[in-house]
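Please study the sequence and the three-dimensional structure shown below before reading further. The paragraphs that follow proceed from a single strand to its neighbours, then to the contact between chains, and finally to the whole.

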Amino acid sequence: MIPYKKSKLLILLIFFFCGITSAVFSQPGVTTQVKVINISDLEKIVNQNENRALVINVWATWCLPCREEFPDLVKLAEDYDKKIRVVGISVDEADELDSKVIPFLKDQNAEFENYLIKLADPEDFINLLNKDWSGAIPATFIYDNKGKQNESLIGKQSYELFEKAIKKVID
Amino acid sequence: MILKKFLPLAALVAVYFLSIAACANHSSSGRIGDFTLNDYDGDKHSLSDYKDSKAIVIIFVATECPISNDYNSRMEKLFNEYSQKDIAFIGINSNKAESVERIKEHAKEKGLTFTILKDEKNIIADKFEASFTPEVYVLNSDFNILYHGRIDSARKESEVETKDLENALNEILAGKEVMKKETKAFGCSIKRI
């Protein structure tokens with residue numbers, strides 16, 4: 001029989017270690033969480049209408065232009081915090097989550113929603129986001145507050161290009 | 001009267017311009033016009049040089065794209081296997097930042113022995129409307145696109161479920177119609193000028 005105080009300590013320790021082993025890293029002021037999702041989770045994210053514009057950015061750590069445009073995306077999420085919901089979808093391999101994806105996001109201070117999508121075949125994912133999209137990344141899809149896709153930006157964007165596209169759905 | 005006289009001429013002019021527009025890119029006609037590019041040794045290659053092959057495989061490649069590089073050995077293996085079956089393989093590098101010297105060096109480093117052409121100013125990538133690497137087009141002898149898309153379904157060779165390019169080539173060699181003409185995959189966007 002474990003005494004009450006010891007069991008409390010044990011529970012606390014379990015929570016502590018679970019926190020470490022889950023894909024959550026924290027640094028003062030910044031919490032980077034990355035959930036591994038599948039295609040049906042993504043469908044829910046796209047269809048979850050929060051009555052504000054949605055920006056979905058598809059990226060990977062192996063993709064240089066994705067990494068180059070990321071600071072602009074982080075700034076955009078900060079500047080338009082109340083008006084847009086920014087969602088980052090990494091298409092890195094799931095086994096690269098802790099070694100590459102999270103350290104990159106942490107380094108970028110990316111506080112918006114971030115996911116890593118696990119796919120057996122990328123085609124359904126690509127077609128779900130846009131049937132005309134070839135799969136080239138970075139790719140950013142902008143939805144209005146009614147959930148209608150208004151724009152797809154393929155290739156590296158600048159802050160100005162991101163802003164121009166989101167102004168069309170928030171103004 | 002004057003209108004009647006010039007109407008056939010106007011119609012001819014309209015047809016001429018419409019046909020030019022139709023040939024300008026593949027999406028409207030599904031056909032690629034002949035072109036000539038230099039390989040990394042400076043030798044000229046025209047698409048028409050390969051028209052006697054059973055099919056022509058065009059792969060847009062890159063030296064610095066990790067996805068394209070993950071496919072190096074698979075591309076080389078496919079080239080070795082299918083070139084013996086009279087299928088031509090051509091790599092095209094359209095990335096603005098990747099020089100001819102780097103392409104040559106990269107091919108040697110990675111053991112790529114198929115022809116790789118440099119598409120300066122990405123004119124040919126525009127013609128194909130190619131957007132990422134490695135992106136594949138399979139053409140017949142009339143340069144019609146028979147297959148467009150990916151090499152296979154997964155970046156990691158151990159996770160491949162469908163070998164789309166191989167399937168298309170086998171169907172062509174068997175004289176059948178390509179069942180899956182379009183496929184998609186993630187890739188590095190081609191950096192254009």
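The natural starting point in this predicted model is strand β3 of chain A, which spans residues 53–59 and is mostly covered, since 7 of its 7 residues are buried. In a regular strand, the side chains alternate between the two faces of the sheet. In β3(A), one side carries A:Ala53, A:Val55, A:Asn57 and A:Trp59, the other side carries A:Leu54, A:Ile56 and A:Val58, and all of these residues are buried, so both faces of the strand are covered.

The next matter is the set of partners that β3(A) has. Strands of a sheet pair through backbone hydrogen bonds, and the pairing is either parallel or antiparallel. Strand β4 of chain A, residues 84–90, runs parallel to β3(A) and is joined to it by 7 bridges. Within this pairing, A:Val58 stands opposite A:Ile89 of β4(A). To pass from β3(A) to β4(A), the chain goes through helix α3 of chain A, residues 64–79, and the resulting β-α-β crossover is right-handed. Strand β7 of chain A, residues 139–143, is another partner; this strand runs antiparallel to β3(A), and 5 bridges join the two. Here A:Ile56 has A:Phe141 of β7(A) as its bridge partner.

Chain B offers an antiparallel pair of its own. Strand β7 of chain B, residues 135–139, is joined by 4 bridges to β8(B), and the two run antiparallel. In this pair, B:Val136 is placed opposite B:Gly149 of β8(B). Strand β8(B) covers residues 145–149 and is mostly covered, with 4 of its 5 residues buried. The two strands form a hairpin with 5 residues between them, and in this hairpin B:Phe143 adopts a positive phi near 65 degrees.

Burial is also found outside the strands. B:Asn122 belongs to the loop between β5 (115–118) and α6 (123–128) of chain B. Is B:Asn122 buried or exposed? B:Asn122 is buried, because 20 other C-beta atoms lie within 10 Å, and 20 or more is the count that a buried residue requires. When residues up to four places away in sequence are left out, B:Asn122 touches B:Ser94, B:Lys96, B:Ile190, B:Arg192 and B:Ile193. B:Tyr50, by contrast, is 72 residues apart from B:Asn122 along the chain, and their C-alpha atoms are separated by 21 Å.

Attention may now turn to the place where the chains meet. The contact takes 15 residues from chain A and 13 residues from chain B. On the side of chain A that touches chain B, the elements giving two or more residues are α5 (122–129) and β6 (136–137) of chain A. Of these, α5(A) gives the most, with 3 residues. Sorted by class, this side of chain A has 10 nonpolar, 3 polar and 2 charged residues.

Strand pairing also links the two chains. Strand β6(A) runs parallel to strand β9 of chain B, residues 187–189, and 2 bridges join them. A:Ala136 stands opposite B:Gly187 of β9(B), and A:Ile137 has B:Cys188 of β9(B) as its bridge partner. These strands belong to an open sheet of 3 strands in the order β6(A)-β9(B)-β6(B), in which the pairing is mixed. The edge strands are β6 of chain A and β6 (132–133) of chain B, each of which pairs on one side only.

A wider view brings these parts together. In soluble globular proteins, nonpolar side chains tend to be buried together. In this model, the largest nonpolar core has 80 residues, and those with the most contacts inside it are A:Val55, A:Ile137, B:Val57, B:Val138 and B:Leu139. Apart from this core lies another, of 7 residues, among them A:Ile102, A:Leu105, A:Ala110 and A:Leu116. A:Val55, already met in β3(A), touches A:Ile84, A:Val86, A:Val87, A:Thr140, A:Ile142 and A:Ile166, not counting residues up to four places away in sequence.

The composition of each chain completes the account. Chain A has 6 helices and 8 strands, which follow the pattern α-β-β-α-β-α-β-α-β-α-β-β-β-α along the sequence. Of its 171 residues, 33% count as buried. Chain B has 7 helices and 9 strands, and buried residues make up 40% of its 193 residues.

Technical notes
Residues numbered from 1 in each chain as written. Chains lettered and ligands numbered in written order. Predicted model: local features only at pLDDT ≥ 70, side-chain atom pairs only at ≥ 80, totals over all residues. Buried ≥ 20, exposed ≤ 12 C-beta atoms within 10 Å, placed from the backbone. Pairing = 2+ DSSP bridges. Right-handed = clockwise from strand over helix to strand, strands pointing away. Contact = placed C-beta atoms within 7 Å. Nonpolar A, V, L, I, M, F, W, Y, C, P; charged D, E, K, R; others polar. Core = buried A, V, L, I, M, F, W, Y, C linked by C-beta atoms within 7 Å.
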